[in-house]
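Thanks, everyone; I would like to walk through one structure today, taking the packing of its helices step by step. Please have the sequence and the model open as we go.

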Amino acid sequence: MEYLHDTINKLLISAIFVALIASNPTNGYSTSSEAKQLAQEAYHQIEGNVFDWEALEAAQKKLEKALEIDRNEPFVYLGQSLAALVLGYHSSDWYEITNFEPGAAEKALYLAEFAYSLDNEYPPTYSHLARLYILKKDFKLSQQFLDKAKARDSESFYPWYFQGIFYEKTMQYIDCLLYT
């Protein structure tokens, strides 16, 4: 149990560190393919290992390395956003805010919005923001981001998956059956 608490504390400290850096970004936007690749790997590692603390810690190290390489890489902040959600998650429905620690969704949204500020034309950011707005029950914004994500990257799994969740949460079951 002590290992779990230490891991959570390390991840929270890293998330706070990223948030502090995010509040004072450098001017200019640069992309490093290495930073992007590390951050994408970390994001997918977090997504696929929600209950595996060792995998989450390894993903956090990848995000820290990506941040060192390029602090303006949007995917770093998407990964941190997802990590904030995972760390705040209790159990049950992933798309009900009551199943998260207070402030977890807000921290995740802050980091995702920062990613969006770095590159507002990046489809993964649209999908991730749509996920967060579904969680916060802001369905109008969620649908706007889903539409953008599908228009920019219609082959991606995420916008279509979140569209199904959107329909489920807005009780549009007939439409939900068409997309899931």
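**Helix packing and the core**

I will begin with one helix pair: α6 and α8 cross in a left-handed way, meaning that the near helix is turned anticlockwise from the far one by less than a right angle, and helices here are DSSP runs of H or I with at least four residues, numbered from the N terminus. This is a predicted model, in which local features need pLDDT of at least 70 and side-chain atom pairs count only at pLDDT 80 or more, while totals for chains, interfaces and linings use all residues. Residues are numbered from 1 along each chain as its sequence is written, and side-chain values use heavy atoms, with hydrogens and water left out.

The α6 and α8 axes, which are lines fitted to C-alpha atoms over the stretch in contact, with angles from 0 to 180 degrees between N-to-C directions, come within 10 Å and cross at roughly 15°. That makes α6 roughly parallel to α8, a term for angles under 35 degrees.

In this pair, S127, R131 and I134 of α6 meet Y158, P159, F162, I165, F166 and K169 of α8, where contact means heavy atoms within 4.5 Å.

Turning to the loop between α4 and α5, we find I97 there, and this residue is partly exposed, with a relative accessible area of 34%, the class between buried, under 20%, and exposed, over 50%, with a 1.4 Å probe and protein chains only. Leaving aside residues up to four places away in sequence, I97 touches A105, E106, L135 and K136; I97 and L135 are 38 residues apart in sequence, yet 5.8 Å apart in space, C-alpha to C-alpha.

Methods: Helices (H or I, at least four residues) and strands (E, at least two) are DSSP runs, numbered from the N terminus. Angles under 35 degrees count as roughly parallel, over 145 as roughly antiparallel, 65 to 115 as roughly perpendicular and the rest as oblique.
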